[in-house]
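Here is a guided look at a structure you may not have met before. Take a moment with the picture and the sequence, and then read on.

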Amino acid sequence: MNCEQVQELLPEYADRQIRQTLVGGVEEHLHQCHSCSNLLAVYRENIELLATFPLLDPPADLGDRILERTTRRRSVLAYFDRYFGIPAPVYLSAAAALLIALLSPAFLKMDTEPSRAANKYLHRAWSYSVRMYGRAEGMGQEIATFKNVLMLILDQRVDQIQDELENYSTRKEKSDQQSSQRGIIASEGSSLTLQGARDHVLRES
Amino acid sequence: MTEDASNDRNLVRRCLKRDEDAWNMLIRKHNRRVYNLCYQFCGSTGTAEDLTQDVFLKVYGALDRYNFEMEFPTWLMAVARNLCIDHYRQHKREKVVDIEDASHIAAPQGGSPLAQLERREAHHRIHSALVKVTEDLRMAVVLRDIQGYSYDEISAITGVPIGTVKSRINRGRLELARVLVGEHTAVGKGVEA
């Protein structure tokens, strides 16, 4: 047997799990080979050392830290559970049902104080959403150009990238001019309506 | 079923009913075991603390999926084992693992002060070599030779057949011995040179 074969058998030999027919060959090699017999000695010593490996005490506050981290996550949800005995799914479902009822057309048409309040807040929310959409639309141009250029870069179409960027510059200039026109109209304190402003811009251009 | 295992299952049932005291009791009962597994595997007390917290955080989030036919400590150690190996794989390219000085570890009881010091140094040396062993083999050696789990338990923790467990333990022990012998030889050569 050579060193490689014997070393593969060492764990079984050390545990006395090795086949009897192989014991002679392994022991003969171990008598002659210092490196393999040394490996066996270290192997056996390791098992004894590992079995007496000291256990550490965790830091005294580790348990508190774990408790704090785990219970903090659900503290808001657990509030109702702890103080009112209502599990989270129950009150979340109830809140969802209430919201649906408040937004239902039948409720909003009623001539009651809660219906009027719900209508008022619904209108406010709608106006806010429209304003936000308007702002987002202003950025739409940049986003669309960025997306187109990215797709062209992926396709490695350099000429079309240049065209796309030139188109963007033209669109941007036009858009800036229109914005400045609107600004002039606003600064003049004009009481033009939106339609009037559009007509004004068209006439000017 | 042992009384201890039954007690753990009752605590888990109470946790599922949002009983914070039961969860606190489970943490106090098992955090030392998890912390030591993490430390023995990664060789750093700081990382062991972070990993122990992550283990309990993960277990807490998955309590409703706990299989009551499995022993709670086995499940806990399976989660710990997975997180330790994931953490090692994510960070092994970032830095060379360096075992902390063993001076903070309590000396083994019994024997002369010199014998205790030698034993402590031997533990430090073997731990330094252990963290150089391949992760799956290292985990098998830690679970068997340090933590003292049976083959069946290691099979449940690691999710591999018993034959594979035995093979990993044998290969891990052999790799550990080779690391130590190689280091010893290298030191010897350095002295000779």
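What follows goes from chain B as a whole to the place where the chains meet, and then to a few single residues.

## Chain B at a glance

First things first: this is a predicted model. Chain B averages a pLDDT of 84, and 82% of its residues score at least 70. One stretch to read with care is residues 187-193 of chain B, where pLDDT stays under 50. For that same stretch the model has zero contacts beyond four places in sequence.

As for the architecture, chain B has eight helices and zero strands. Read from the N terminus, the pattern of chain B is simply α-α-α-α-α-α-α-α. Of the 193 residues in chain B, 48% are buried. If you take the contacts in chain B with a separation of 6 or more, 64% of them are between residues 24 or more positions apart.

## Where the two chains meet

How many residues of chain B are in contact with chain A? There are 39 of them, and they are in contact with 36 residues of chain A. Between them, the two chains bury about 4000 Å², with 63% of that on carbon and sulfur atoms. The count of residue pairs in polar contact between chain B and chain A, both at pLDDT 80 or more, is 13.

Five helices of chain B each supply at least two residues of the side that touches chain A: H2 (20-42), H3 (45-61), H5 (113-130), H6 (135-146) and H8 (162-192). H2(B) gives the largest share, eleven residues. Sorted by character, the residues on this side of chain B come out as 18 nonpolar, eleven polar and ten charged.

## Salt bridges across the interface

Now for the charged pairs. A search of the whole structure turns up 13 salt bridges over all chains, and six are found across the interface of chain B and chain A. In one of these, the side chains of Arg28(B) and Asp64(A) meet at 2.7 Å, N to O.

Another salt bridge brings together the side chains of Arg119(B) and Glu48(A), at 3.3 Å from N to O. This pair crosses between chains, with Arg119(B) in helix H5 of chain B and Glu48(A) in helix H3 (residues 34-51) of chain A. Both ends count as partly exposed: Arg119(B) has a relative accessible area of 26%, and Glu48(A) is at 40% relative accessibility.

## Salt bridges inside chain B

Chain B also has salt bridges of its own. Lys29(B) pairs with Asp8(B), and their closest N and O atoms are 2.7 Å apart. The two are 21 residues apart and link distant parts of the chain, with Lys29(B) in helix H2 and Asp8(B) in helix H1. Are these two partners buried or exposed? Lys29(B) is partly exposed, with a relative accessible area of 31%, whereas Asp8(B) counts as buried at 1% relative accessibility.

A second pair is Glu135(B) and Arg89(B), whose closest N and O atoms are 2.9 Å apart. Glu135(B) lies in helix H6 and Arg89(B) in helix H4 (residues 72-91) of chain B, so this salt bridge ties together parts that are 46 residues apart in sequence. Glu135(B) is buried, with a relative accessible area of 10%, while Arg89(B) is partly exposed at 41%. Shared partners join Arg81(B), Arg89(B), Glu135(B) and Asp136(B) into one network of salt bridges.

## Three residues to look up

Start with Thr70(A), which sits in helix H4 (residues 62-72) of chain A. Thr70(A) counts as buried because its relative accessibility is 0%. Its side chain reaches the backbone oxygen of Ile66(A) at 2.8 Å. Leaving out residues up to four places away in sequence, Thr70(A) touches Trp23(B), Phe56(B), Leu57(B) and Tyr60(B).

Next comes Arg18(B), in the loop between helix H1 (3-16) and H2 of chain B. Arg18(B) has a positive phi of about 65°, although it is not a glycine. Its relative accessible area is 47%, so Arg18(B) is partly exposed. Last, Asn148(A) is found in helix H8 (residues 113-155) of chain A, where it is partly exposed with a relative accessible area of 31%. Its C-alpha atom and that of Glu164(A), 16 residues apart along the chain, are separated by 7.7 Å.

Conventions
Residues numbered from 1 in each chain as written. Chains lettered and ligands numbered in written order. Heavy atoms only, no water. Contact = heavy atoms within 4.5 Å. Buried area = accessible area lost by both parts, 1.4 Å probe. Salt bridge = Lys/Arg side-chain N within 4 Å of Asp/Glu carboxyl O. Polar contact = N/O pair within 3.5 Å; in protein donor to acceptor, adjacent residues only side chain to side chain. Helix = DSSP H or I, 4+ residues; strand = E, 2+ residues; numbered from the N terminus. Nonpolar A, V, L, I, M, F, W, Y, C, P; charged D, E, K, R; others polar. pLDDT = per-residue confidence, 0-100. Buried < 20%, exposed > 50% of the residue type's maximum accessible area, 1.4 Å probe, protein only.
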